[in-house]
Amino acid sequence: MKKLEKIDLGLKEAYDELFMTDEERKENRLPRIHDIPLSQIDDFPNHPFKVKIDEDMEQLVESIKQLGIITPITLREKEDGRYEIVSGHRRKKACEIAGLETIKAEIKELDRDEAIILMVESNLQRSTILPSEKAFSYKMRLDAMKRQAGRPEK
């Protein structure tokens, strides 16, 4: 007998919302911030922006020691259950230096290309970017956008 494939129509979430108050619905749409162990987080493959241990990093470490993470990092879950950083490599490194074991993070459902585009966009606002970092990141973003549009790579 042929096994039928399950189709997720997303009805469970819509059905659950029927029994929520307006306030619960609003809260349900807010990003969820989790404390994720640093040991479960991997760097983004081929991340074009280098994390430097300089004066800016020292200031970030001191800020984290005093105030904690103000802006959570952005992660995506990998197939093996670990996480990959999309945005926040410097904050993760600063937490490691500060001796923290966990970091506040938002986990987003992103495919590889969506993650590349978000990673590039979030890093281009940095104050100091090497021309080589900018060029490599633009190429990564362009390749991801081409794949999303269904264009074959050369």
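**Close-up views of a predicted model**

**View 1. In helix α4 (residues 89-98), E96 and K92 are four residues apart, so about one helical turn separates them.** Keep in mind for this view and the others that the model is predicted. E96 and K92 make a salt bridge here, and their closest N and O atoms sit 2.9 Å apart. Is K92 buried or exposed? With a relative accessible area of 9%, K92 is buried, because buried means under 20%. E96 is partly exposed, at 35% relative accessible area. This pair also belongs to a bigger story: salt bridges link D43, K92, K93 and E96 into a network.

**View 2. Helix α3 has a salt bridge of its own, between E62 and K65.** The closest N and O atoms of E62 and K65 are 3.7 Å apart. Why do these two sit about one helical turn apart? E62 and K65 are three residues apart in helix α3, so the spacing works out to about one turn. E62 is partly exposed, and its relative accessible area is 40%. If you're wondering how pairs like this come about, side chains of opposite charge can pair when their charged atoms come close. How many salt bridges turn up in the whole structure? The search finds 11.

**View 3. Four acidic residues make a negatively charged patch on the surface.** The members of this patch are D54, E55, D56 and E58. One of them, E55, belongs to helix α3, which covers residues 55-67. E55 is exposed, with 57% relative accessible area.

**View 4. Five strands line up in one open sheet, in the order β1-β5-β3-β4-β2.** The pairing in this sheet is mixed. Which strands stand at the edges? They're β1 and β2, and each has a single partner strand, so one side of each has no neighbour in the sheet. As for what holds such an arrangement together, strands of a sheet pair through backbone hydrogen bonds, either parallel or antiparallel. Stepping back for a moment, the chain has six helices and five strands. Their pattern along the sequence is α-α-β-β-α-β-β-α-β-α-α. Of the 154 residues in the chain, 27% are buried.

**View 5. Strand β4 (residues 83-87) is largely enclosed by the rest of the structure, because five of its five residues are buried.** Follow β4 and you'll meet two pairing partners, β2 and β3. With strand β2 (residues 41-42), the pairing is parallel and runs over two bridges. I41 is one residue to look for here, and its bridge partner in β4 is Y83. With strand β3 (residues 73-77), the pairing is antiparallel, over four bridges. This time, try finding L75, whose bridge partner in β4 is I85. While you're looking at strands, remember that in a regular strand the side chains alternate between the two faces of the sheet.

**View 6. β3 and β4 form a hairpin with five residues between the strands.** Which residue in this hairpin takes a positive phi? It's G81, with phi near 90°. There's a salt bridge to spot in this view too, joining E84 and R76 with closest N and O atoms 2.7 Å apart. Are its two partners buried or exposed? E84 is buried, at 5% relative accessibility, and R76 is buried as well, with a relative accessible area of 13%.

**View 7. N46 is a non-glycine residue with a positive phi, near 60°.** Here's the background: most residues other than glycine have a negative phi, and most peptide bonds are trans. Where does N46 sit? You'll find N46 in the loop between β2 and α3. N46 is exposed, since its relative accessible area is 56%, and exposed means over 50%.

**View 8. R32 and K104 are 72 residues apart in sequence, yet their C-alpha atoms are 10.0 Å apart in space.** To find R32, go to the loop that joins α2 (22-29) and β1 (33-37). R32 is partly exposed, with a relative accessibility of 42%.

Definitions and conventions. Residues numbered from 1 in each chain as written. Predicted model: local features only at pLDDT ≥ 70, side-chain atom pairs only at ≥ 80, totals over all residues. Heavy atoms only, no water. Patch = residues over 30% accessible without salt bridge, like charges linked within 9 Å, V, L, I, M, F, W, Y side chains within 5 Å. Areas by Shrake-Rupley, 256 points an atom, 1.4 Å probe, with all protein chains shown as cover. Salt bridge = Lys/Arg side-chain N within 4 Å of Asp/Glu carboxyl O. Lys, Arg positive; Asp, Glu negative; His and termini not counted. Charge placed at Lys NZ, Arg CZ, Asp CG, Glu CD. Buried < 20%, exposed > 50% of the residue type's maximum accessible area, 1.4 Å probe, protein only. Pairing = 2+ DSSP bridges.
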